Every structure is written in structure tokens, then in C-alpha cells.
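This report looks at one protein model together with its ligand. It takes up the surroundings of the ligand, the pocket, and a few residues with notable backbone or burial values.

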Amino acid sequence: MWIVVWTAAGCADLSRGAASSDAASSTDAGTEGGALLNSDAAGSFASSVHGLLIAVCQRCHAQGQEAGDTQFLLTGDGAADYASVSRFISVSAPGSSRLLAKMSGTGHGGGTLYAVDSPEYRAVLRWIQEGAPP
Ligand code: HEC
């Protein structure tokens, strides 16, 4: 459900012609510099990233689950999960963040969840590029 809502919001076709077309275009790869993305549309951990991770990562990355003995654990609590995710990102070299490598299946026991060319991967990458705001 969460992904459906998020995808719809990022699809220019669904909002083309509406007053929100500026926000819709913010998902284009071409705006990665961040100049247009200083507001909420840029995406915070809470608004753009947490839900994506909860949706597909938590079933393994939680206490008692398959990846429950790793350092990457999701509880559903925003502050705790932000702290957990922060260990696996690099704001100085966003593209080399372990979080991105793992989620796209590079050396990851959980395989590929979000491929490199997926909108979800790009959303997380852009969030890191923008300094990973909570
Ligand atoms: C099917 C189960 C499964 C899913 C789903 C899964 N993982 Fe994993 N993950 C693992 C396992 C098992 C490991 C431990 C082996 C390894 O390091 O790859 C792991 C390790 C990791 C690590 C390294 C943790 C450490 O302590 O070094 C990160 C980061 C990570 N996963 C991120 C993710 C992200 C992000 C997602 C969702 C987009 C995700 N994983 C979804 C099974 C999963």
C-alpha cells in the first residue's frame, strides 16, 4: 500500500496538468543537484526513505528474523531506524554507501530489493546526496 501511494506521487502522468506538477518533476534524475529540492519535496528520512525500507527490509532486518543479528535493524521507530541506517551511508561518497549496495543486491544475503535503476533506489541515493536529513 505504501509503495503504491509513493509511486503514484512520483508519476508525472498522474499529476500532469495539476498544480503539483513541480513537485512531481522533482523525482526526475536530472534534479539530483538538489537546487530545486530544498523543501519537503526533497525528501527527509521520515517522508521518503523510512517507508521504503520498512516495506521490504524489515521482514528480515528485525529482532528474531533472518538478518536480526546484523547491525542493520528496523524497529518502525523513526529515530531508532534513522540511527541504524546512518551506519551504512556515506554523505561524502553517497554512491558507495553500503546501504545502496546491499539493497541493490551487491554482496547481500537478502538479494536485490531495489535495483540500481529503480525509483526507490534513486530516491534513497538522492536523500543521501542531500545530506541524509532525518
Ligand atoms: C530476505 C531477507 C533480507 C531482506 C528482505 C533484506 N536483507 Fe539485508 N541482509 C540480509 C542478510 C541475511 C544479511 C547478512 C549477510 C550480509 O551481510 O549480506 C543482510 C545484511 C544487510 C546489511 C549489512 C548489515 C551489517 O551489519 O553489516 C545491510 C546494510 C542490509 N542488509 C541492508 C538491507 C536493506 C536496505 C534492505 C531492504 C532494501 C534489506 N537489507 C533487505 C537479509 C535480508
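## Ala132 and the end of α7

Ala132 is placed in the segment after α7, in what is a predicted model. Although Ala132 is not a glycine, its phi is positive, at about 55 degrees. Most residues other than glycine have a negative phi. With a relative accessible area of 3%, against a limit of under 20% for the term, Ala132 is buried. A positive phi is also found at Gly131, which follows α7 and has a value near 100 degrees.

## Helix α7

How many of the 11 residues of helix α7 are buried? Eight of them are, so the helix, which covers residues 119-129, is largely enclosed by the rest of the structure. The buried residues of α7 are Glu120, Tyr121, Ala123, Val124, Leu125, Arg126, Trp127 and Ile128, a set in which Glu120 and Arg126 belong to the charged class.

## The loop before α7

Ser118 lies in the loop between α6 and α7, and at 11% relative accessibility it counts as buried. The side chain of Ser118 takes part in two polar contacts with backbone atoms: a polar atom of this side chain lies 2.7 Å from the backbone oxygen of Ala115, and the side chain also reaches the backbone nitrogen of Tyr121 at 3.1 Å. Tyr121 is itself one of the buried residues of α7.

Tyr121 can also be related to helix α6, where Ala101 is placed. The C-alpha atoms of Ala101 and Tyr121 are separated by 9.9 Å, with the two residues 20 positions apart along the chain. Whereas Tyr121 is buried, Ala101 is partly exposed, with a relative accessible area of 27%.

## The shell around the ligand

The ligand is surrounded by 20 residues, of which Cys57, Cys60, His61, His108 and Gly109 are the closest. Sorted by class, this shell holds nine nonpolar, seven polar and four charged residues. Which helix gives the largest share of the shell around the ligand? That share, four residues, comes from helix α6, which spans residues 98-103.

Several polar contacts can be described in terms of individual atoms. A polar side-chain atom of His61 lies 2.8 Å from a nitrogen atom of the ligand, while a polar backbone atom of Gly109 is 2.7 Å from an oxygen atom of the ligand. A backbone N or O atom of Gly107 lies 3.5 Å from an oxygen atom of the ligand. In the contacts of Gly107 and Gly109, then, the protein side is given by the backbone, and in that of His61 by the side chain.

## The largest pocket

Rolling a probe the size of a water molecule over the atoms shows where empty space is left. The largest pocket holds about 380 Å³ of space. It is lined by 19 residues, and those closest to its centre are His61, Ala67, Phe72, Lys102 and His108. The elements that give two or more residues to this lining are α4, covering residues 45-56, and α6. The largest share of the lining, four residues, comes from α6.

By class, the lining of the largest pocket has 10 nonpolar, five polar and four charged residues. The space taken by the ligand is this largest pocket. His61 and His108 are listed among the residues closest to the ligand and also among those closest to the centre of the pocket.

Notes:
Residues are numbered from 1 along each chain as its sequence is written. This is a predicted model: local features need pLDDT of at least 70, side-chain atom pairs count only at pLDDT 80 or more; totals for chains, interfaces and linings use all residues. Side-chain values use heavy atoms; hydrogens and water are left out. A residue is near a molecule or strand if one of its heavy atoms lies within 4 Å of it. A polar contact is a pair of N or O atoms within 3.5 Å; within protein, one must be able to donate a hydrogen and the other to accept it, and residues adjacent in sequence count only if both atoms are side-chain atoms. On a 1 Å grid over the protein atoms alone, a cavity is a set of points where a 1.4 Å probe fits but cannot get out, and a pocket is an open set with protein on both sides within 12 Å along at least five of seven lines; lining residues have an atom within 4 Å of a point. A molecule sits in a cavity or pocket if more than half of its atoms lie within 2 Å of its grid points. Grid points are joined across faces, edges and corners, and a volume is the space filled by probe spheres set on the points. Buried means under 20% relative accessible area, exposed over 50%, partly exposed in between (1.4 Å probe, protein chains only).
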